[in-house]
Amino acid sequence: MSHADNPAATLFIDGEWRTATDGGTREIHSPADGTLVATVAEGVRVDAEQAVAAARRAFDEGTWATSSAWDRGDLLLRVADILVRDKAEFARAESLDTGKRLVESEYDMDDIAACFRYFGKLAGTDSGRIVDTGSPDAISRVQYEPVGVCGMITPWNFPLLQVAWKVAPAIAAGDTFVLKPSELTPSTAILLMRALTEAGLPAGVGNLVLGTGPEVGSVLAEHPDVDLVSFTGGLHTGRTISALAAPTVKKVALELGGKNPNVVFADADFDTAVDFALTAIFLHSGQVCSAGARLIVQDELHDALVDEIVRRAELIRLGGPFDDDAETGPLISDAHRRKVEDYVAKAIDEGAVLRTGGARPDGERYAHGHFYLPTVLDEVRQGSYAVTEESFGPVLTVERFTDEDDAVRIANDTHYGLAGAVFTGDPGKAQRVANRLRHGTVWINDFHPYLPQASGAVSSSPVSAGNSAARASASTRRPSTCTRTCGPDRRTGSPANDRPHTPHPNRKGFSMTDQFDYVVVGGGSAGAAVAARLSEDPDVTVCLLEAGPSDVGDPNILELKKWMALLESGYDWDYLIEPQANGNSFMRHARARVLGGCSSHNSCIAFWAPAEDLDEWESMGLPGWGSKDMFPLYQRLETNDGPGEHHGRSGPVTIRSVPPKDPTGAALLEACAQQGIPTTEFNSGTTVTRGANWFQINAREDGTRSSSSVSYLHPILDRPNLEIRTNAWAKRVVFDGTRATGVEYLSDDLIHSATVSARREVVLSTGAIDTPKLLMLSGIGPAEHLREFGIDVLVDSPGVGATLEDHPEGVISWEAKKPMVSDSTQWWEIGIFTQTEEGLDRPDLMFHYGSVPFDMHTVRQGYPTSENSFCLTPNVTRARSTGTVRLRSKDFRDKPAVDPKYFTDPDGHDMRVMTEGIKLARTIVAQSPMQEWAGEELFPGKDVQTDDEIADYIKRTHNTVYHPAGR
């Protein structure tokens with residue numbers, strides 16, 4: 001039976017969807033309007049016991065717990081991909097169950113996917129540690145092992161996020177589990193089990209039982225076959241679970257809510273403090289464990305701050321999940337709303353001053369939902385009920401303090417210890433107070449940014465245990481301090497129209513500073529090699545930032561034949577060039593978005609720069625780049641099976657000469673020889689004047705890529721002084737005056753900003769397109785262009801982004817008379833270098849030959865194609881047209897404007913070379929060795945003969961060779 005076959009079959013036990021044993025069901029209603037959302041199974045004790053038995057069996061059989069940690073990590077990464085793919089479905093289900101705004105559920109999905117991705121990457125990275133025993137004859141090793149069967153009980157306020165924080169680390173560790181989500185909000189847990197199954201989770205490893213705490217939760221707490229019970233919820237229920245678990249002496253991980261202090265000093269940035277005070281308590285109507293429910297404000301700021309918070313709170317609009325103008329939503333149930341009402345009534349009875357709210361909103365819009373107005377209770381007495389107990393609703397209590405000691409004393413006067421915040425303009429004071437607060441997570445000038453790897457808790461709220469079911473322990477405190485830096489470009493204040501701030505926990509900015517000797521930006525070919533070389537010195541620390549994902553273990557990246565598919569995948573930045581004034585405007589400029597860069601993305605042709613190019617670079621002012629310096633380096637870098645004294649035999653990059661298997665290509669080389677283009681040895685170190693041959697490729701013996709990442713980084717991933725951060729999207733280079741001191745980037749979860757500092761140098765290796773973009777975002781570039789986007793000019797450098805050079809490429813194709821029999825490991829098999837006129841000292845024209853159909857943009861133009869065809873692609877080796885890279889906005893996420901300006905060189909050199917290339921290709925293919933292979937010319941076709949006709953065809957169909965450069 002599947003959930004799709006029977007919607008009531010919503011229990012997932014031992015790899016099967018089931019109904020409840022007694023047939024019981026529960027209706028789920030929307031808190032916003034009371035409408036029926038779903039009808040689900042209501043499990044009972046026997047269902048929970050069957051799920052525990054399945055999890056026990058799956059663990060004790062040993063195949064899951066002893067499976068490769070890398071395999072478990074890969075499974076989590078697949079789940080993250082599914083969550084991203086099905087984000088809209090998950091977010092809608094979450095909003096229907098909880099009543100929260102759809103936009104908040106969508107933001108939550110980003111955090112949830114990031115959690116699975118984080119633990120997917122973390123799996124297998126901790127192999128334990130060696131402990132000094134004090135004896136030379138004994139060695140002690142501490143090794144982490146999975147706990148076993150985990151019982152997981154999650155709340156209703158952030159249903160899927162809370163599940164993710166328990167399920168992801170358990171899977172990473174090799175645990176099995178039984179999950180009991182809140183009976184009020186089960187929909188996303190059901191969807192997650194479907195995603196886990198799709199990702200390949202074995203039967204019995206993950207089990208889902210819906211039901212109440214007394215029926216299902218109690219089984220997980222007291223069952224002797226459950227090794228750990230992890231619970232997030234109320235303090236009273238947590239105590240009950242501890243008591244139930246005690247007889248079996250199982251591990252217990254509890255996160256029991258919070259009454260979290262938000263301490264605001266008089267020197268804090270006023271607008272920032274107001275914004276975050278509103279966000280801290282009114283996000284999701286205060287139904288957040290870490291809500292900043294206690295505003296503790298210094299006397300001299302109290303009146304102004306509270307007055308503004310009250311004014312803004314009264315403007316907050318309530319509504320359902322799909323109301324576009326809503327800024328917060330309903331409470332989860334009518335029972336919970338009555339609890340909040342009782343809380344406010346008791347607070348007022350004890351002397352609190354009701355400044356705003358304290359009632360249900362009026363109007364038909366709210367009649368069928370569980371809404372409660374944003375509420376502010378001022379002058380709350382220390383030790384009163386309103387301070388010591390949490391409302392878990394949209395209720396802010398306000399207390400006063402005089403100085404640092406007073407603030408710390410008041411903030412720590414609670415039996416909760418989940419989170420807290422400090423707002424001040426004094427960095428020293430901020431750190432002093434944060435260090436003294438007895439709370440697991442302390443934010444500075446911020447509230448609510450979450451990272452899966454940064455958490456901690458004390459007292460009744462060990463969120464550290466909840467976040468890692470595999471290593472739950474209440475014996476240590478692991479506090480986390482997160483700091484936000486405020487400045488003039490802080491974009492968190494009230495909107496200009498004075499509407500209230502729309503709260504969300506993960507969109508406020510987050511700054512962590514790490515220090516390394518070198519920070520290398522861009523993990524492509526250059527960045528991988530630079531990071532590897534710099535970190536050879538064990539006394540040097542290196543951080544490599546790569547905007548794309550890792551390539552480790554991904555067969556799609558490693559397999560050479562899939563490179564064209566990679567150009568159309570999420571591994572590509574998908575840069576569209578600007579429309580060309582005199583030609584094709586469809587072109588996508590492929591640039592790799594993956595560790596290893598284009599060597600992990602494109603065709604793997606291995607080709608050295610010839611001696612005369614290297615010597616020319618040196619003559620232009622680049623000492624150390626001449627052939628006498630570079631050829632020995634080539635030798636050191638490669639393991640090449642080709643002949644020739646210049647080849648290396650023991651370097652990290654494997655270069656192979658693939659045995660030709662294509663008779664059409666062999667015939668083409670004979671035709672080239674008849675045309676006067678001899679067969680030559682590429683990469684021999686000699687000057688290339690005229691010549692053709694099969695390409696060498698960077699590939700290992702098993703046929704997979706020998707990319708820069710595979711060659712340089714994979715062997716040193718465990719190097720302790722090298723840290724590689726993928727999905728780290730550089731925003732700007734940080735400068736102290738004119739010295740680069742670090743890089744600000746979007747961190748691993750693609751939500752929060754972080755900063756990494758460089759004690760020595762920042763190395764930019766992001767290519768001819770992204771390096772100019774990053775420099776301009778950092779204030780280095782054409783001053784007028786930067787000011788257009790409001791970017792402060794650090795250095796007026798008109799040449800940044802102004803010297804883009806790229807190779808235009810055309811195509812001419814023939815249908816083959818006989819079936820093509822190529823079994824090439826890659827598309828481009830042969831290179832041909834030649835000159836279009838006498839007297840040139842080096843080639844100005846190159847052809848790629850491919851034994852595959854290659855339409856470029858010809859199909860869009862209506863040209864015929866055939867699966868049994870071959871092509872030659874003429875391209876200009878030294879294009880004289882110069883293009884530009886420019887910003888589209890100051891938002892680093894916007895793609896740059898790439899304009900190669902093809903065929904704009906004043907003397908028409910580039911078009912002349914391409915035109916001659918089409919004509920020469922016809923001449924070569926007309927030679928006798930090709931007559932048994934070349935059939936009808938598919939495009940441009942026999943009707944395109946004159947130079948003007950050929951030029952018109954080239955303008956409409958040309959492409960790029962994907963080799964941008966900039967001087």
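Which ring does the charged end of Lys346 sit over? Keep that in mind while browsing the close-ups below, and remember that the model is predicted.

**View 1. Lys346 meets the ring of Tyr385.** Here is the reply to the opening question: the ring belongs to Tyr385, and the charged end of Lys346 sits over it. From the centre of that ring, the distance is 4.7 Å.

**View 2. Arg593 lies over Trp729, a member of an aromatic cluster.** This view pairs a charge with a ring: Arg593 lies over the face of Trp729, 5.0 Å from the ring centre. Trp729 also has aromatic company, as Trp573, Tyr575 and Phe892 join it in one cluster.

**View 3. Trp814 and Phe870 stack up.** Of the aromatic pairs, the search of the whole structure turns up 17. In this one, the rings of Trp814 and Phe870 are 5.6 Å apart, centre to centre, with 20° between their planes. Because the cut-off for stacked is under 30 degrees, that angle earns the pair its label. The two residues come from distant parts of the chain, 56 residues apart: Trp814 is in strand β37 (residues 812-816), while Phe870 is in strand β40. Trp814 is buried at 5% relative accessibility, and Phe870 is buried too, at 1%.

**View 4. Tyr118 and Phe119 go edge-to-face.** In this aromatic pair, the planes are 80° apart and the ring centres 5.1 Å apart. Edge-to-face applies because the angle is over 60 degrees. Is Tyr118 buried or exposed? Buried, with a relative accessible area of 18%; the cut-off is under 20%, so Tyr118 makes it. Phe119 is also buried, at 7%.

**View 5. Glu616 and Arg878 form a salt bridge between distant parts of the chain.** How many salt bridges does the structure hold? The count is 56. In the one shown here, the closest N and O atoms of Glu616 and Arg878 are 3.9 Å apart; that counts because the limit is 4 Å. Along the chain, the partners are 262 residues apart. Glu616 belongs to helix α19 (residues 611-619), and Arg878 to the loop between β40 (869-876) and β41 (884-886). Both ends are partly exposed: Glu616 at 31% and Arg878 at 33%.

**View 6. Glu618 and Lys628 link two helices.** Helix α19 turns up again, this time through Glu618, whose partner Lys628 is in helix α20 (residues 627-637). Their side chains meet in a salt bridge at 3.2 Å, N to O. Glu618 is partly exposed at 25% relative accessibility, whereas Lys628 is exposed at 60%.

**View 7. Five charged residues share one network.** Asp334, Arg337, Arg338, Glu341 and Arg360 are joined here by salt bridges that have partners in common.

**View 8. Glu183 pairs with a buried Lys180.** The closest N and O atoms of this salt bridge are 3.3 Å apart. Lys180 is buried, with a relative accessible area of just 3%, while Glu183 counts as partly exposed at 24%.

**View 9. Two buried cysteines, and no disulfides.** Cys115 is buried, at 1% relative accessible area, and Cys672 is buried at 0%. How many disulfides are there? The count comes to 0. Counting one takes a pair of cysteine sulfur atoms within 2.5 Å.

Conventions: Residues numbered from 1 in each chain as written. Predicted model: local features only at pLDDT ≥ 70, side-chain atom pairs only at ≥ 80, totals over all residues. Heavy atoms only, no water. Buried < 20%, exposed > 50% of the residue type's maximum accessible area, 1.4 Å probe, protein only. Helix = DSSP H or I, 4+ residues; strand = E, 2+ residues; numbered from the N terminus. Phe/Tyr/Trp six-rings, centres within 6.5 Å; stacked < 30°, edge-to-face > 60°. Lys NZ or Arg CZ within 6 Å of the ring centre and 35° of its normal.
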